[in-house]
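I opened this model to look up a few local features and to keep my notes in order. The entries below follow the order in which I looked things up.

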Amino acid sequence: MITDTPAVVRRQFTLTALVLPAIVSLVSLIVQGILLPQLPETIATHWAWNGTPDGVGPAWTMLLTTLLIGLGIPAAIFAMGRSGLRRGDHGAGYRSLGAVALSVAVLIGGLGVATLGIQLGRTDAAATLPPLLLPGVLVAALAAGIVGWMLQPHVPWQPTASSSSADVPVRPGERVVWLQGVSLARGGIVVLSIALMIGVAVGVPVVLLADPAASWVSLGVVVLLVMILVTTVRFHIRVDPDGLTAVSAVGWPRIHVPIADVAAAEVVEVSPMGEFGGWGIRWSSQGKGLVLRTGEGVRVQRRDGRTLTVTVDDAATAAGLLNAYASLTPGPRRD
């Protein structure tokens, strides 16, 4: 029986998401450093489906990849989960993140060692990829993820009980508008920024040294990360006779729940990681969410059973106004 749930969850998450990935990456870097003098200056770094090399680069590229991705991604994952765990959050989202962190470290570290190992003693970058190498590393990474999942305790998240919405009297034909803005929490900005920096750091060598196809893929990843960061930093929330609307500060994406679809609205306390597994526009067993920070939010129950949760200040007024307009809108209501 777990006597101190928050402490156990934090300790095991730290072990799985940071300590073990750091050990795996360090061992991989040491092994790669030992192999480096026995390799040609330029090695194969990517292979086509038939096992022939179609991308080359300096031998040290694999060490850089292991450091930036194999260690960088677990570090970013740990940073993303740390603040919530310190507040006492828990749930399958944190457990999954820890498992992913360890799996990524084994995958990247294993690929780095294997890539250098098959090219020992060569004088060119024409090494053929053994057919079982990639499947073997993938199986090892999957096994590491399973181990990471099992190392952490099973403590399901229990959503916080709802609070009462405000009483907002609205007469038929009267137009009342409620406006509020919500910004991405500092933890979310830090994590997305770290992911962007890792993407840029990895993408620059790929663009300069790899084949055109890999360069375009790398640039695409960086552009995608930039778009996610820019479009997620801030949203404007509006409640009026038309329903609830949430629009990014840059104009996209846009989320709208027509008032005719609103069955009820309530105030809830939201844990982004515990309930939704992260920040931004998310989907989980709790429904769809626009979760930019921890704390109060408005949860809209739609007539078809779906829900939308939006973290925002003064959620009681937003929920009260939605309920007031929904009561004036013809159509069946859910109890």
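**Aromatic rings**

I began with burial, and found that Phe-13 and Tyr-94 are both buried. I keep in mind throughout that this is a predicted model. I then checked the geometry of this pair: the ring centres of Phe-13 and Tyr-94 lie 6.2 Å apart with the planes at 90°, so I record the pair as edge-to-face. Phe-13 sits in helix α1 and Tyr-94 in helix α3, 81 residues apart, and the pair thus links distant parts of the chain.

Next I asked how many aromatic pairs there are by this rule. The count comes to two. Phe-13 also pairs with Phe-78, and I noted this pair as stacked, at 6.2 Å centre to centre with 15° between the planes. Because Phe-13 lies in helix α1 (residues 5-35) and Phe-78 in helix α2, the pair ties together parts that are 65 residues apart in sequence. Phe-13 and Phe-78 are both buried. Taken over the ring pairs, Phe-13, Phe-78 and Tyr-94 are linked into a cluster.

**Helices α2 and α3**

I then looked at how helix α2 (residues 61-86) and helix α3 (residues 92-117) are placed, and found that their axes come within 9 Å and cross at roughly 175°. An angle over 145 degrees counts as roughly antiparallel, and α2 and α3 are therefore roughly antiparallel to each other. Sorted by class, the contact of α2 with α3 holds 17 nonpolar and eight polar residues, with no charged residues.

**Whole chain**

For context I noted that the protein chain has eight helices and 11 strands, and that 44% of its 335 residues count as buried. Of the contacts between residues at least 6 apart in sequence, 68% join residues at least 24 apart.

**Thr-309 and Ala-265**

Is Thr-309, which I found in strand β11 (residues 307-311), buried or exposed? Thr-309 has a relative accessible area of 0%, and it is therefore buried. The side chain of Thr-309 is joined to that of Arg-299 by a polar contact of 2.7 Å. Setting aside neighbours within four places in sequence, I listed the residues in contact with Thr-309, among them Val-268, Val-270, Phe-276, Leu-290 and Val-298.

Ala-265 belongs to strand β7 (residues 262-270), and because its relative accessibility is 9%, I entered Ala-265 as buried. Leaving out neighbours within four places in sequence, Ala-265 is in contact with residues including Ser-165, Val-298, Arg-299, Val-300 and Leu-322. Arg-299 is thus a contact of Ala-265 and is also listed as a contact of Thr-309. I also looked up Ala-316, which is 51 residues from Ala-265 in sequence and 9.2 Å from it in space, C-alpha to C-alpha.

**Backbone entries**

Which peptide bond did I note as cis? The bond from Trp-252 to Pro-253 is cis, with omega near 5°, and Pro-253 lies in the loop between β5 (243-248) and β6 (254-258).

My last entry concerns Asp-314, which is in the loop between β11 and α8 (315-327). Phi of Asp-314 is near 55°, which is a positive value in a residue other than glycine. Asp-314 has a relative accessible area of 33%, and I therefore entered this residue as partly exposed.

Notes:
Residues numbered from 1 in each chain as written. Predicted model: local features only at pLDDT ≥ 70, side-chain atom pairs only at ≥ 80, totals over all residues. Heavy atoms only, no water. Axes fitted to C-alpha atoms, helices over the stretch in contact; angles between N-to-C directions. Helix = DSSP H or I, 4+ residues; strand = E, 2+ residues; numbered from the N terminus. Parallel < 35°, antiparallel > 145°, perpendicular 65-115°, else oblique. Nonpolar A, V, L, I, M, F, W, Y, C, P; charged D, E, K, R; others polar. Phe/Tyr/Trp six-rings, centres within 6.5 Å; stacked < 30°, edge-to-face > 60°. Buried < 20%, exposed > 50% of the residue type's maximum accessible area, 1.4 Å probe, protein only. Polar contact = N/O pair within 3.5 Å; in protein donor to acceptor, adjacent residues only side chain to side chain. Contact = heavy atoms within 4.5 Å.
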